[in-house]
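This briefing guides a new reader through one protein chain. Please look at the structure shown below, and then follow the points in order.

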Amino acid sequence: MPRHAILVIDMLNDFVGEKAPLRCPGGETIIPDLQRLFKWVRNRKGDDVHLVHIQEAHRKHDADFRVRPVHAVKGTWGSDFIPALYPEGDEYIVPKRRHSGFAHTDLDLYLREEAIDTVVVTGVWTNVCVRSTATDALAHAYKVITLSDGCASKTEEMHQYGLNDLSIFTKVMTIDEYIEAWEKGEDPWVGGGDTENRVK
C-alpha cells in the first residue's frame, strides 16, 4: 500500500473564524469534516498516513505583504492554529512564508525521509495556497489527492474554480470516499488526474 501525507494548509486564526482579518468563510464550514478526518488518522494503526500541518508564518516585513495585507506573522495569534484543529503528538509542522508548502521549506525532505509517495491536500484557500502546494507536489513527483470537502476558499465560486484546476493533475474526492478506499484496502489515488484532457 502507498504512504500518504495529509497536508492541512493554513487552518490558522488569521484565516478562519469571525475575528480573522483575512477570513475565509468557507474555512469554518470544513472544520467538522477535517475533525472527522483527524480522528480517523489518529485512530489508525501503523504509520502509512501522516497528518502534516502547514503553517503560514511570515517575518514582520515579508515580501508577501507587498501584494497582500499583513497576516500570519510568526509568533502571533494570527499565525497559530485554530483550537479545533490543533496539532497533536508527533504530527509534523511546516512553517512557510509563501503560498506553497514546498517553497523554501523542508516539507519535501520530511516526505522523502518518511517514504511518502502521495500528498493529500486540505485547508484554505483552495485556489491559492492549496493549489500552489498541490502544483509543487506534482513538480516533486508526488501523486496528489485533493479532498474537496476538506478545502475551502473565500467564496464557493473561488473554491469550485480551484477544484476545476486541481482536477487536471490530482484525484479530487471527498473525505468519505478517501477513507472508504483505505478501509477497502484500495489505493485512493488510482484514477487521479485527467489523462484524457476532459477538464472544462
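Of the 10 residues of strand β5, 8 are buried, so this strand is largely enclosed by the rest of the structure. The model discussed here is predicted. Strand β5 belongs to an open sheet of 6 strands with parallel pairing, and the points below work outwards from that sheet.

**The sheet as a whole**

- The strands of the sheet follow the order β3-β2-β1-β4-β5-β6.
- At the edges lie β3, residues 92-96, and β6, residues 171-173, each of which pairs on one side only.
- On average, neighbouring strands of this sheet are turned by 25 degrees against each other, if direction is ignored.

**Pairing between strands**

- Strands β4 and β5 are paired in the parallel sense over 6 bridges; valine 119 stands opposite valine 144 in β5.
- Strands β1 and β2 also run parallel, and 6 bridges join them. Here valine 8 stands opposite histidine 53 in β2.
- Between β2, residues 49-56, and β3 there are 5 bridges, and these two strands run parallel as well.
- Two positions illustrate the contact with β3: glutamine 55 stands opposite proline 95, and the bridge partner of glutamate 56 is lysine 96.

**Strand β2 inside the structure**

- How many of the 8 residues of β2 are buried? The count is 8 of 8, so β2 is largely enclosed by the rest of the structure.
- Both faces of this strand are covered. On one side, Val49, Leu51, His53 and Gln55 are buried, and on the other side His50, Val52, Ile54 and Glu56 are buried.

**Helix α4**

- Helix α4 comprises 14 residues, 126-139, and at 1.5 Å a residue it should span 20 Å. Its end C-alpha atoms are 18 Å apart, which agrees with that expectation.
- The buried residues in α4 are Thr126, Asn127, Cys129, Val130, Thr133, Ala134 and Ala137.
- The elements that cover these buried residues include β1, β2, β3, β4, β5 and α5.
- Just after α4, alanine 141 adopts a positive phi of about 75 degrees.

**Helix α5 and methionine 158**

- Helix α5, residues 156-166, lies across β5 (143-152) and β6, and it runs at about 165 degrees to β5.
- Methionine 158 is part of helix α5. Its relative accessibility is 28%, and it therefore counts as partly exposed, since that class lies between the buried limit of under 20% and the exposed limit of over 50%.
- Leaving aside residues up to four places away in sequence, methionine 158 touches Trp125, Asn127 and Ser153.
- Methionine 158 and tryptophan 125 are 33 residues apart in sequence, and their C-alpha atoms are 8.6 Å apart in space.

**Helix α6**

- Helix α6, residues 175-183, packs on the sheet and touches β1 (4-9), β2, β4 (118-124), β5 and β6. The direction of α6 makes about 135 degrees with that of β5.
- Which residues of α6 are buried? They are Ile175, Tyr178, Ile179, Ala181 and Trp182.
- Why do these buried residues lie on the same side of α6? They cover an arc of only 155 degrees around the axis, which puts them on one side of the helix.
- An α-helix has 3.6 residues a turn, so residues three or four places apart point the same way.
- The cover over the buried residues of α6 includes β1, α2 (31-43), β2, β4, β5 and β6.
- Just after α6, glycine 185 has a positive phi of about 80 degrees.

**Phenylalanine 65 in a loop**

- Where does phenylalanine 65 lie? This residue lies in the loop between β2 and β3.
- The relative accessibility of phenylalanine 65 is 16%, so it counts as buried.
- Not counting residues up to four places away in sequence, phenylalanine 65 touches His58, Arg59, Lys60, Val70, His71 and Val73.
- Phenylalanine 65 and alanine 115 are 50 residues apart in sequence and 35 Å apart in space, C-alpha to C-alpha.

**The annotated domain**

- An unreviewed UniProt entry carries the annotation "domain: Isochorismatase-like" for residues 5-176.
- Over residues 5-176, the chain is 30% helix and 22% strand. The end C-alpha atoms of that stretch are 17 Å apart.

Definitions and conventions
Residues are numbered from 1 along each chain as its sequence is written. This is a predicted model: local features need pLDDT of at least 70, side-chain atom pairs count only at pLDDT 80 or more; totals for chains, interfaces and linings use all residues. Side-chain values use heavy atoms; hydrogens and water are left out. Two strands pair if DSSP finds at least two bridges between them. Helices (H or I, at least four residues) and strands (E, at least two) are DSSP runs, numbered from the N terminus. Axes are lines fitted to C-alpha atoms, for helices over the stretch in contact, and angles run from 0 to 180 degrees between N-to-C directions. Contact means heavy atoms within 4.5 Å. Buried means under 20% relative accessible area, exposed over 50%, partly exposed in between (1.4 Å probe, protein chains only). The arc is that of the directions from the helix axis to the C-beta atoms. UniProt positions are given in the numbering used here, feature names are shortened, and annotations may be inferred rather than shown by experiment. The expected span of a helix is 1.5 Å times one less than its number of residues.
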